[in-house]
Amino acid sequence: MSRELKTERLLLRPMRLADLEDVHEYASDRDNARYMFFLPNDTVKDTEDFLSGAVKEWEKVSPSFFEFAVELNGKVIGAMSAYLDESKECAELGWILNKKYQHFGYAVEAATALKDFLIKEIRVKKITAHCDARNAPSYRLMEKIGLTRESENGERVYPKTGEKARELAYSLIIE
């Protein structure tokens, strides 16, 4: 299994503890993390704990989730993740991109690489993704990489604030 995914401009690679400063920059920014379910991180320790868990998961023979750093010219500008179900046949995608690097096509480039990795190397049969209905850039990204809207009537409750929002669900069935 490949641990690094290369695109025209980006390198997707396993998260490292050394990524702490770059990751905390976007993960602690309230505006940047507005629609992220478990963010923003309130402390550097929160980000460090997250990275530690991601690193430990990559050390497993058969990881249940993949947390890729999205690197541009040596700087971590975001993350792409895939969480596998128990059968390891279905993966749920997630992503975040530092707001300084949005609107340049990096998210589509990275999400396409992750989707291809899941199909070709992990051999998943279904890919899903969810987002807050107010997060148009996220659901447009899902559509750009080939996912189709399954539902627009879900509900999410943000754990840190208790805020409720309408949730969209997307999927792609792999033949």
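Colleague: Hello! Where does Leu39 lie in the chain?
Modeller: Welcome! This is a predicted model. Two helices help to place this residue: helix H1 covers 20-27 and helix H2 covers 44-58. Leu39 lies in the loop between H1 and H2.

Colleague: Is Leu39 buried or exposed?
Modeller: Residues under 20% relative accessible area count as buried. Leu39 has a relative accessible area of 18%, so Leu39 is buried.

Colleague: Which residues does Leu39 touch, not counting those up to four places away in sequence?
Modeller: One partner is Ile96, which is 57 residues apart from Leu39 in sequence, with 10 Å between the C-alpha atoms. With the sequence neighbours set aside, the residues touched by Leu39 are Ala27, Ala33, Ile96 and Lys160.

Colleague: How do the residues lining the second largest pocket divide into nonpolar, polar and charged?
Modeller: Leu39 belongs to this lining, together with Arg30, Ala33, Arg34, Met36, Phe37, Pro40, Asp42, Tyr158, Lys160, Thr161 and Glu163. The volume of the second largest pocket is about 160 Å³. Its lining residues divide into 6 nonpolar, 1 polar and 5 charged.

Colleague: Let's stay with Glu163 from that lining. Is Glu163 buried, partly exposed or exposed?
Modeller: Glu163 sits in the loop that links strand E7 (148-157) to strand E8 (164-173). Beyond four places in sequence, Glu163 is in contact with Arg134, Arg156, Val157 and Tyr158. The class between buried and exposed runs from 20% to 50%. Glu163 has a relative accessibility of 33%, so Glu163 is partly exposed.

Colleague: Strand E8 came up there. Which residues is Ser171 in contact with, leaving aside neighbours within four places in sequence?
Modeller: Ser171 is in strand E8. With a relative accessible area of 8%, Ser171 is buried. The C-alpha atoms of Ser171 and Ile127 are 5.4 Å apart, although 44 residues separate the two in sequence. Ile127 is one of the contacts of Ser171, and the full set is Lys126, Ile127, Thr128, Leu147, Thr148 and Glu150.

Colleague: What do the buried residues of helix H4 pack against?
Modeller: Helix H4 spans residues 136-144, and its buried residues are Ala136, Ser138, Leu141 and Met142. Just after H4 comes Gly146, with a positive phi of about 100 degrees. The buried residues of H4 pack against E5, helix H3 (106-122), strand E6 (126-132) and E8.

Colleague: Some other residues have a positive phi too, I gather. What is the phi of Asn73?
Modeller: Asn73 is found in the loop between strand E3 (65-72) and strand E4 (75-84). Its relative accessible area is 77%, so Asn73 is exposed. Asn73 is not a glycine, yet its phi is positive, at about 50 degrees.

Colleague: And what is the phi of Lys88?
Modeller: Lys88 has its place in the loop between E4 and strand E5 (90-97). At 24% relative accessibility, Lys88 is partly exposed. Lys88 is a residue other than glycine with a positive phi, near 60 degrees.

Colleague: Turning to strand E3, how far are the C-alpha atoms of Phe65 and Tyr170 separated?
Modeller: Phe65 is in strand E3, and with 17% relative accessible area Phe65 is buried. Outside four places in sequence, the contacts of Phe65 are Gly53, Ala54, Glu57, Ala82 and Tyr83. Phe65 and Tyr170 are 105 residues apart along the chain, and their C-alpha atoms are separated by 19 Å.

Colleague: Now for the whole chain. What pattern does the chain follow along the sequence?
Modeller: The chain has 4 helices and 8 strands. Read along the sequence, they give the pattern β-β-α-α-β-β-β-α-β-α-β-β.

Colleague: What is the radius of gyration of the chain?
Modeller: For 175 residues the globule rule gives 16 Å. The chain comes close to that value, so it is as compact as a globular protein of that length. Its radius of gyration is 15 Å.

Colleague: What percentage of the residues is buried?
Modeller: The C-alpha trace spans about 40 × 40 × 30 Å along its principal axes. Of the contacts with a separation of 6 or more, 61% come from residues 24 or more positions apart. Among the 175 residues, the buried share is 49%.

Conventions: Residues numbered from 1 in each chain as written. Predicted model: local features only at pLDDT ≥ 70, side-chain atom pairs only at ≥ 80, totals over all residues. Heavy atoms only, no water. 1 Å grid on protein atoms, 1.4 Å probe; cavity = no way out; pocket = protein on both sides within 12 Å on 5 of 7 lines; lining within 4 Å. Points joined across faces, edges and corners; volume = space filled by probe spheres on them. Nonpolar A, V, L, I, M, F, W, Y, C, P; charged D, E, K, R; others polar. Rg over C-alpha atoms; globule rule 2.2 N^0.38 Å. Buried < 20%, exposed > 50% of the residue type's maximum accessible area, 1.4 Å probe, protein only. Contact = heavy atoms within 4.5 Å.
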